[in-house]
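Visitor: I'd like to learn how to read a protein model feature by feature. Could you walk me through one?

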Amino acid sequence: MDTGSDDKLRPFPLPATVFPTILTKPVPGVQNGIKVLTVLEVMWSVCGAPGHVMMRAGRPRHAFPRRTVGTSVVGRKKTAAMAFEKGSLHRIPWRWPRETESGVIMNRNVCVLTCLLGSIAMNTVAESLEDFQARPVRLPYAITMQGSPCDYDALYALSGPGLEYILVPGEIPAKGLELTSLAGRSGATLKPWLMVRHRESQQGAAILLAYSGNWRISFAPDRDAMVFRAVTLPESLEPFESVNGLPIPGAAVVSFRGDWDGGAQALVRYQREKLRRDLGDDWPWVQFNTWYDRAQNIDEPRLLDSVRAAKDLGCELFMVDAGWYGRHDDWSAALGDWRLNTTRLPHGMKPISDAVREAGMRFGMWVEIENANPESPVAKNHPDWYLRDGETLASGRGCLDFGKAEVLQWATEQIDRIVTEYGLDYIKMDFNTNLNEDSERHKGPDSPLSRHYAGLTKLWTHMRERFPKLVIENCSSGSLRHDLLTAVRTDTHWVSDAVGNINNLAMNFAATYIFPPETCNHWTCFPKNTDAMDVQACFNANLMVEPGLSGPVADWSPEIRFHAADRIALYKQIRPIIRNADVYHLTPQIDHLEPRSMQACLYVTPNQEKAVLFAFHGGDPKMQHVLPLRGLGSDALYRVERPPSFGMDKVMEGDELIQGFGITFPHRGASAVIRLTKVAKHGEPYLTDEPDAEGEPAPINGFSVTIPDDAPPTTAVLRWEPLPGAVRYLIGQGESAGDMCFVDECFVPWYRATDLAPGGTTRFRVWAFTEDRKITGVSPVLSHHAVIHFTGTIPLWRVPWTTAEAGWGNVQRNRNIEGGPLQVRERPFDYGIGTHAPSRISFDLRALALSGPHTFRASVGVDDSARNAPPGASDSIFVVVADGKTLFRSPMLRVGDAPVDVASALPSEAQMLTLIVEKGGDYAFDHADWLAPKLVPTNGADVDFRKE
């Protein structure tokens, strides 16, 4: 929205919503000095030519001056004009607009609105330049935007069985664009969502409907402008509910500028802030669902096997899908008969639910409460309960009419009984039919479809009130009925019945354009290695949303089970980010039919403190890519934590990451989940050379090393006073304070800078961090070529190593080789070194300048991340060597063995300490851990670092 730098009037398209004839509401005040009003609502009446306008302005937050309202004539159209200043910040003379039909004229300090006088009033909204926020509106809704179809691009999404969230980007046809859904389900063919954007100005608008029935969204030319319009079908529907200002039926709309993510993120934020409820810090739950194992053919032994497998893999919710109810062999034909199927479950559901709770999981079940087979008891007793359009059944599947009070009462009683009887934590509410209604012939409250959805909304409202802890999932042959209505009254939705791995990757990526990722539920069911996605990538694809498992998990191979457990453990670490993040789609959506391109998206918390990058090779011919990471803080420093096969962890500047982050896939079908954590603003906590308040020079958080011209390349030992609680230091190096880059990190309060050039001065700065990665101040003291004497226990996981080699992946500090927590035989360890046989890690004891004799102490073992290792794998032998002399050699250790303690006295003149892991069998699963390795003064007190 360019208002210009002068007072020249500029036309600008302003949204306008059609409302009833008379509106009498206060005008919200100008907030935070934004350039235009957030909302302007006008009450007017026509009292003959030329007519007049009456306006009433409220002052809830910031006062702004009232202005005289008058009329003018533009061509043959009578218009009323109103103007407001930006609060009391600027006061300029009122001026009338020049003649125009653009609808809006703006200059730098004044917003001028023109409203067409006739039989309607216009509710007009102008977004602020600084803060584009979504807002609720009633339907029908329309805005006028300048230009012609060739000036705009659009983005919308397909739906339909197996086609959910397939994006359709492109140009607007000459006749305009029209999206229509007439199948009684909001997502039966298309998602009720559209974004349009002007190519030159990058100004756009987006809408997401709050109605589960029939609708139409169009973007069509009208003279020299474009009209963006959304309606229910029939158009005359009145809201039957309002949720936090959102009318249902209704919509959320937003104006945005720039990338599509600008509009998408505003709609997602609106849902989080206005429509969703807080489900706790452990949401979303990782679930296992029974359906893709044996579909309806469930039985007690198989369910109990699945419970055990789901627990071992780390699932938190166990869901029994269709097949548990009725007297019919076919799950679909049994609908409406919500009695337990004792043929499949002769001992009832209790043995299953008890096993689930003993495993520490929550319990859930599936229903399709809206539909009833004609042979079910409810249908036989009440054939008049079916939803009809006149005399015609709305659905051949037998949809009950929730618009009838007695039907809604029956459904409510059934749900109450099921939830109570089985003690449900979670209920999946499916709906697998279209509803055929001649929407155009109905008006307002006469619409059977609208009455049905009003009744369904009452049922969901009742469930929330009676069972406030019950999580409700919305499902409809996939996500064929997901919109803002279902988003308001349910907690999560099923993305698609298409659960192929490429489908998961494509659909999850696009679903986050429309809905919060923590509300998009999708499962890994049949993982396998392909050129587009390896097994790990199959699981990573669902970490982008709310992940789950289904399929024959009890029969999965050790490799697949390992990856499943590993990825679930990773998700539990990153879900606080997923649950709150803005999603930046860094690439186009992958082709779900013929994958040939990489796909990536970045999740960034609103404060830009944390982020997660998902990158998938996706069958791309190229292995190397550069991704501009949008959404990060340009003035921040980020710790970039990569999977072992993607390189070492590194601290990088935000503006560098924004310009482009390089990623190299190690093999075809690979994927990466890369975590970014802000460690500081760029330059913090620099202390300046300027005097403090008392006139004394402030301490400098930096120091310089000058090497004489005739000196050889020199190594400088830098030392500073350690800070309590500091566990990690970042080293900056440059020729001047303004030319500082990060060169290394260390875990002790000293650093060796090597190969310093003669004849110059090098400046260093140090940043210190606590265990939770909060930055602390540090005032280092330079000791050039100093001998450093340690007086206590030296934790080797904090000391720079000379070499660190692993047979697979990269050696990790305080993590196992896979990047997960250190754990041996279910005993967690906070500190240590994770590696993979064959491995060699060396430490230069001369650099430590040990004072007196020391003993090497540690525990060693095979990490629990290898628990799915096949026989003969995970065999590791641990060896401690000093100057070529073996001090310790362990027996062969396997996963599940208890950790072995090591205590080896170091030779007094030892110069090099080497920690070796030898493979016992093959290379697979040799996940070796050196647990809390340290050098302890032989005659001094040890330190228990677990108490830090």
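Guide: Here is a short tour, from the whole chain down to single residues. Keep in mind that this is a predicted model.

Visitor: Okay, starting wide: how many helices and strands does the protein chain have?

Guide: The protein chain has 13 helices and 60 strands.

Visitor: And what share of the residues is buried?

Guide: Of 948 residues in the protein chain, 60% count as buried. As for the surface, the accessible area of the chain is about 37,700 Å², and 50% of that belongs to carbon and sulfur atoms.

Visitor: What about contacts along the sequence: what percentage join residues at least 24 apart?

Guide: Take the contacts in the protein chain between residues at least 6 apart in sequence: 74% of them join residues at least 24 apart.

Visitor: Now helix packing. What describes two packed helices?

Guide: Two things: the angle between the axes and the distance between the axes. Let's try helix α6 (residues 405–422) with helix α7 (residues 448–466): the angle is about 30 degrees and the axes are 10 Å apart. Angles under 35 degrees count as roughly parallel, so α6 and α7 are roughly parallel to each other. The crossing of α6 past α7 is right-handed.

Visitor: Which residues make that contact?

Guide: On the α6 side, L408, T412, I415, D416 and T420; on the α7 side, G455, K458, L459, H462, M463 and R466. Sorted by class, the contact of α6 with α7 has four nonpolar, four polar and three charged residues.

Visitor: Let me try another pair, α9 and α10. What is the angle there, and how far apart are the axes?

Guide: Helix α9 (residues 501–511) packs on helix α10 (residues 535–543) at about 30 degrees, and their axes are 9 Å apart. That pair is therefore roughly parallel as well. The crossing of α9 and α10 is left-handed. From α9 come N501, N504, L505 and N508, and from α10 come C538, A541 and N542. Here the classes are three nonpolar, four polar and no charged.

Visitor: And is α3 parallel or oblique to α11?

Guide: Start with the numbers: the axes of helix α3 (residues 300–313) and helix α11 (residues 558–578) come within 8 Å and cross at roughly 55 degrees. That makes α3 oblique to α11. The contact involves A309, D312 and L313 of α3, together with R561, A564, A565 and I568 of α11. It divides into five nonpolar, no polar and two charged residues.

Visitor: On to the backbone. Which residues does a cis peptide bond join?

Guide: Omega is the angle to look at. One cis peptide bond joins L139 and P140, with omega about 0 degrees, and P140 sits in the loop between β10 (135–137) and β11 (141–146). Another joins I248 and P249, again with omega about 0 degrees; P249 is in the loop between β20 (246–248) and β21 (251–257).

Visitor: What about phi: what value does Y165 have?

Guide: Y165 is not a glycine, yet its phi is positive, about 65 degrees. Y165 lies in the loop between β12 (152–157) and β13 (167–171). Q608, also a residue other than glycine, has a positive phi near 60 degrees, and its loop runs between β33 (599–604) and β34 (610–616).

Visitor: Are those two residues buried or exposed?

Guide: Y165 has 0% relative accessibility, so Y165 counts as buried. Q608, at 29%, counts as partly exposed.

Technical notes:
Residues are numbered from 1 along each chain as its sequence is written. This is a predicted model: local features need pLDDT of at least 70, side-chain atom pairs count only at pLDDT 80 or more; totals for chains, interfaces and linings use all residues. Side-chain values use heavy atoms; hydrogens and water are left out. Helices (H or I, at least four residues) and strands (E, at least two) are DSSP runs, numbered from the N terminus. Buried means under 20% relative accessible area, exposed over 50%, partly exposed in between (1.4 Å probe, protein chains only). Contact means heavy atoms within 4.5 Å. Accessible areas come from the Shrake-Rupley method with a 1.4 Å probe; for residues, only the protein chains shown count as cover. Axes are lines fitted to C-alpha atoms, for helices over the stretch in contact, and angles run from 0 to 180 degrees between N-to-C directions. Angles under 35 degrees count as roughly parallel, over 145 as roughly antiparallel, 65 to 115 as roughly perpendicular and the rest as oblique. A crossing is left-handed if the near helix is turned anticlockwise from the far one by less than a right angle, and right-handed if clockwise. Ala, Val, Leu, Ile, Met, Phe, Trp, Tyr, Cys and Pro count as nonpolar, Asp, Glu, Lys and Arg as charged, and the others, Gly among them, as polar.
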